[in-house]
Amino acid sequence: MTSKLLCAAFILAALTLSITFSLQPDQQKVLLVSFDGFRWDYLYRVPTPHFHYVMKYGVHVKQVTNIFITKTYPNHYTLVTGLFAENHGIVANDMFDPILNKSFSLDTMNIYDSEFWEEATPIWITNQKAGHTSGAAMWPGTDVKIHESFPTHYMLYNESVSFEERVAKIIEWFTSKEPINLGLLYWEDPDDMGHHLGPDSPLMGPVISDIDNKLGYLIQMLKKANLWNTLNLIITSDHGMTQCSEERVIELDQYLDKEHYLLIDQSPVAAILPKEGKFDEVYEALAHAHPNMTVYKKEEIPERWHYKYNTRVQPIIAVADEGWYILQNKSEGLMLGNHGYDNALAEMHPIFLAHGPAFRKNFTKAAMNATDLYPLLCHLLGIPALPHNGSLSSVQDLLRPTAPRTVTHTQSPPPHHDTYCPVKYQQVFT
Ligand SMILES: *[C@@H]1O[C@H](CO)[C@@H](O)[C@H](O)[C@H]1NC(C)=O
Ligand SMILES: *[C@@H]1O[C@H](CO)[C@@H](O)[C@H](O)[C@H]1NC(C)=O
Ligand SMILES: *[C@@H]1O[C@H](CO)[C@@H](O)[C@H](O)[C@H]1NC(C)=O
Ligand SMILES: *[C@@H]1O[C@H](CO)[C@@H](O)[C@H](O)[C@H]1NC(C)=O
Ligand SMILES: *[C@@H]1O[C@H](CO)[C@@H](O)[C@H](O)[C@H]1NC(C)=O
Ligand SMILES: *[C@@H]1O[C@H](CO)[C@@H](O)[C@H](O)[C@H]1NC(C)=O
Ligand SMILES: *[C@@H]1O[C@H](CO)[C@@H](O)[C@H](O)[C@H]1NC(C)=O
Ligand SMILES: [Zn+2]
């Protein structure tokens, strides 16, 4: 064979292999990582070389519209279901369900009550039903029994377990004899420090640098395990953070009689359950109480929030303006940073970056909805997506163009066929 022919043979082989690759979705591995409370613009506050490394060799979406309310549990459940809060049922970190006659709160163990989670089916269950295995390192909800299932592998939530230990588990599961195809990894910061210091504090710089170092550690471990080029890594978050102040506090006790209602959730979206016969009194007292708090009867909640059609949304909600805080009274503690506000506010928006064989390189996209991640994940994993509120076509441009599904031998090679030489092939696909 002449070298030309030889090269042509390699091109054909490479094409065949790349086509095989795109047609075998079960070869697609996905690791979804959430750094809680990582606001979209933290990427530019201090040098974040590891985040920028992922952006340069992968994709970056500048503005991600998360869901209302911009809290941790509601948004983490959206990322793995593609549903708005009113549809997946985790409408807040603190909830009361009048039908179940049960409360849900992060302060107590009742977040482990399956019934709260079962209005939706998270992706790890669908993945397992399709015959695959999943592994979760403390992603919210992954240590809860949902529809009689847990992830194939999971860690019980324990905030004292280090990032390195969580990464070690993820790597172990991806490299075991029966490797997982879906990994979920969660880390509590920069949210914890953002609440404590306030996002405007100069001390947030070192906190962001520390997260960048953690990402660097993850990349290093993935490379060491030969996963870096075969696995699709998606790095995102649940929400951003905004600066609060003692000067911007709204005290409910100034306007309402404590005996007339139950405060189910507090700031910045107060969820108010008036006692029997007290609805009008509570609503009238609150409606025009403070210029920086908008009060809605449940049926008046704006459609764009998709936050109405669920029994866990209380009869009255009061939403604070950005940076304002709602408290029962000032004797309660105030955090210098908070989130939960209107999801149209840029400061509430998280990050989105991805790297791997399925993704384009050095590609920046202006905007996406957080609900679009779910159909994207299902596409990558080759599993059926359950009904959801996202759109795969809205984020398809993040993906490398794949070969058409029906391939004939007469098809011409792609334009840059010279790059399809054996050595390059090795580099790209191993
Ligand atoms: C709801 O549960 C509480 C105890 O948590 C109980 O006192 C109350 O009677 C229950 N209400 C109904 C309607 O079952
Ligand atoms: C949580 O993790 C820490 C650190 O690994 C450990 O010392 C502690 O015993 C764990 N707590 C529980 C309840 O397992
Ligand atoms: C608070 O209310 C005042 C008066 O209506 C308004 O001028 C200001 O913009 C509000 N603050 C925020 C953060 O929306
Ligand atoms: C402030 O509210 C808390 C309940 O959140 C209550 O226990 C406390 O007594 C209140 N303090 C005052 C001074 O009313
Ligand atoms: C990435 O893309 C930008 C423009 O979109 C370009 O200026 C830059 O050189 C590219 N970097 C690499 C490493 O390809
Ligand atoms: C987000 O979803 C809304 C409603 O479906 C849609 O109008 C909007 O275009 C989407 N945004 C992006 C960036 O795709
Ligand atoms: C969101 O998706 C659910 C499930 O398909 C659907 O029932 C609901 O109507 C959707 N919401 C909107 C606003 O389209
Ligand atoms: Zn959070």
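1. Let's start with the shaky part. Over residues 405–430 the pLDDT stays under 50, and the model has 22 contacts beyond four places in sequence for that stretch. Keep in mind that this is a predicted model. Residues 1–26 also stay under 50 in pLDDT, with 25 contacts beyond four places in sequence.

2. Now for the chain as a whole. The average pLDDT comes out at 90, and 87% of the residues score at least 70.

3. Have a look at the zinc ion, ligand 8. Its protein donors are Asp-36, listed with two OD entries, Thr-72 through OG1, Asp-238 through OD and His-239 through NE2. These donors lie 1.9 to 2.7 Å from the zinc ion. Written along the sequence, the spacing of the donor residues reads D-x35-T-x165-D-H. One pair here, Thr-72 and Asp-238, links distant parts of the chain, being 166 residues apart. You'll find Thr-72 in helix H3 (residues 72–79), while Asp-238 sits in the loop between strand S8 (231–236) and strand S9 (242–243). Are these two buried or exposed? Both Thr-72 and Asp-238 are buried.

4. Next, try Arg-39, in the loop between strand S1 (29–35) and helix H2 (49–57). Why does Arg-39 count as buried? Because its relative accessible area is 4%, and the cut-off for buried is under 20%. The side chain of Arg-39 makes a polar contact of 2.7 Å with the side chain of Asp-41. Setting aside neighbours within four places in sequence, Arg-39 is in contact with several residues, including Arg-45, Pro-199, Glu-347 and His-349. Another of its contacts is His-239, which also turns up among the zinc donors.

5. Val-80 is worth a click too. This residue is in the loop between H3 and helix H4 (85–88). Val-80 has 0% relative accessibility, so it counts as buried. Which residues does Val-80 touch, not counting those up to four places away in sequence? The list is Leu-32, Thr-121, Pro-122, Ile-123, Trp-124, Trp-139, Leu-184 and Tyr-374. Take Thr-121 from that list: it is 41 residues from Val-80 along the chain, yet their C-alpha atoms are separated by 8.6 Å.

6. Finally, ligand 6. Around ligand 6 you'll see Ala-367, Met-368 and Asn-369. One oxygen atom of ligand 6 is 2.3 Å from an N or O atom in the Asn-369 side chain. On its own, ligand 6 has 360 Å² of accessible area, and the protein covers 35% of that.

Note on methods: Residues are numbered from 1 along each chain as its sequence is written. Chains are lettered from A and ligands numbered from 1 in the order in which they are written. This is a predicted model: local features need pLDDT of at least 70, side-chain atom pairs count only at pLDDT 80 or more; totals for chains, interfaces and linings use all residues. Side-chain values use heavy atoms; hydrogens and water are left out. pLDDT is the predictor's confidence in each residue, from 0 to 100. Contact means heavy atoms within 4.5 Å. A residue is near a molecule or strand if one of its heavy atoms lies within 4 Å of it. A polar contact is a pair of N or O atoms within 3.5 Å; within protein, one must be able to donate a hydrogen and the other to accept it, and residues adjacent in sequence count only if both atoms are side-chain atoms. Accessible areas come from the Shrake-Rupley method with a 1.4 Å probe; for residues, only the protein chains shown count as cover. Donors are N, O and S atoms within 2.8 Å of the metal (3.2 Å for Na, K and Ca); water is not among the atoms, so sites may look incomplete. Helices (H or I, at least four residues) and strands (E, at least two) are DSSP runs, numbered from the N terminus. Buried means under 20% relative accessible area, exposed over 50%, partly exposed in between (1.4 Å probe, protein chains only).
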